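User: I'm new to this one. Could you take me through the sheet and whatever packs against it, step by step?

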Amino acid sequence: MTDSVSQALSDPTPPSGIPMLDAAPGPQTPAVNEVLIITGRSGAGRTGAARALEDLDWYVVDNLPPSMIPALVGMMSPEGAGVHRLAVVIDVRSRSFFADLAQTLDQLKSVGAAYRVIFLEADNQTLVRRYESSRRPHPMQGEGTLMDGILAEESLLQPLRRTADEIIDTSAMSVHDLTRHIRDVIAGEGNRPLQITVESFGFKHGIPLDADHVVDVRFLKNPYWVDELRHLTGRDQPVADYVLDQPGARQFILDYADLLAPMLKGYLAELKPFATIAIGCTGGKHRSVACTELVASRLREHGYTVRVVHRDMGRE
């Protein structure tokens, strides 16, 4: 399997049937199609692995009959659904279909489709504990005991385990540990950037429900009460100057952004790929807008990619 993958990746002309590259227009690097087949022992974390891949924007299909995999791989073309990263979860719930998996993999290999088989396992003691905790029967248990089902599945999966590209033992892993491993090792996205949104809002319209941090800038003088500034917003320079040139205002905002900067890195480590910073004033038009723009600018200086949203500007 490893040799076929290397050959498929080194051959610039993909075989007909399942294209390997989807060339983007212009000088951009073509998107390489990736196929993962996630399998392994029930209770070892296949569902957790699938969810981790979904969070990384993979197209994930769970409990698919192996005979349907080639058709799904056929979506990976500009003429199809434009899918470039596909993960298929296969397990013994497929019953009679499961025996077809070896034949299906040979079919994929014959047309040059590059794929990896990821096998998840855990020791018997861990699997028993997990099933007893969930109070669910093992899919191969039938009329027997939980251990009967675990051992029957282990025997069925041995040939596939021997040919897997990577085996992940989740016995000592938490759900978060498995997610990190899938993100960093399997998907190779350990350096995925944090998505930061800095959002202005008006307290009279309510605090954003998805805010991770909220700062209140109503302690600053309100440009609304200045006739020549009332019709403007915090994105206009006269308003920004009025707000930020107040004693201590600019330094407060810069210090706040500097305080956030090192802390935000911890979100990725804790598997939270996004953060929303909400800055509020009374109506969300003047003070919060000016401060939001400055916070975003400062965070960009720290190397972050920042999206700015002015939720309530224009609602007055």
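**The sheet and its helices**

Analyst: Let's start with a helix. In this predicted model, helix H6, made of residues 146-163, lies across strands S3, S6 and S7, and its direction is at about 150 degrees to that of S6.

Now for the sheet itself. It's an open sheet of five strands, paired in parallel, and reading across you get the order S4-S5-S3-S6-S7. Strand S4 (59-62) and strand S7 (166-169) are at the edges; each has a single partner strand, so one side of each has no neighbour in the sheet. Going from one strand to the next, the twist averages 20 degrees.

A second helix packs here too: H2, residues 46-55, touches strand S3 (34-40), S4, strand S5 (85-89) and S6. The direction of H2 makes about 160 degrees with that of S3.

Let's zoom in on the S7 edge. Strand S6, residues 116-121, runs parallel to S7, and four bridges join the two. Pick Leu-120 and look across: its bridge partner in S7 is Ile-168. As background, strands of a sheet pair through backbone hydrogen bonds, either parallel or antiparallel.

One last thing, away from the sheet question: what about disulfides? The count comes to zero. Take Cys-281: the closest cysteine sulfur to its own is in Cys-291, 8.2 Å away, which is too far for a bond because a disulfide needs the sulfurs within 2.5 Å. Both of these cysteines are buried, Cys-281 with a relative accessible area of 2% and Cys-291 with 0%.

How values were computed. Residues numbered from 1 in each chain as written. Predicted model: local features only at pLDDT ≥ 70, side-chain atom pairs only at ≥ 80, totals over all residues. Heavy atoms only, no water. Buried < 20%, exposed > 50% of the residue type's maximum accessible area, 1.4 Å probe, protein only. Pairing = 2+ DSSP bridges. Axes fitted to C-alpha atoms, helices over the stretch in contact; angles between N-to-C directions. Contact = heavy atoms within 4.5 Å.
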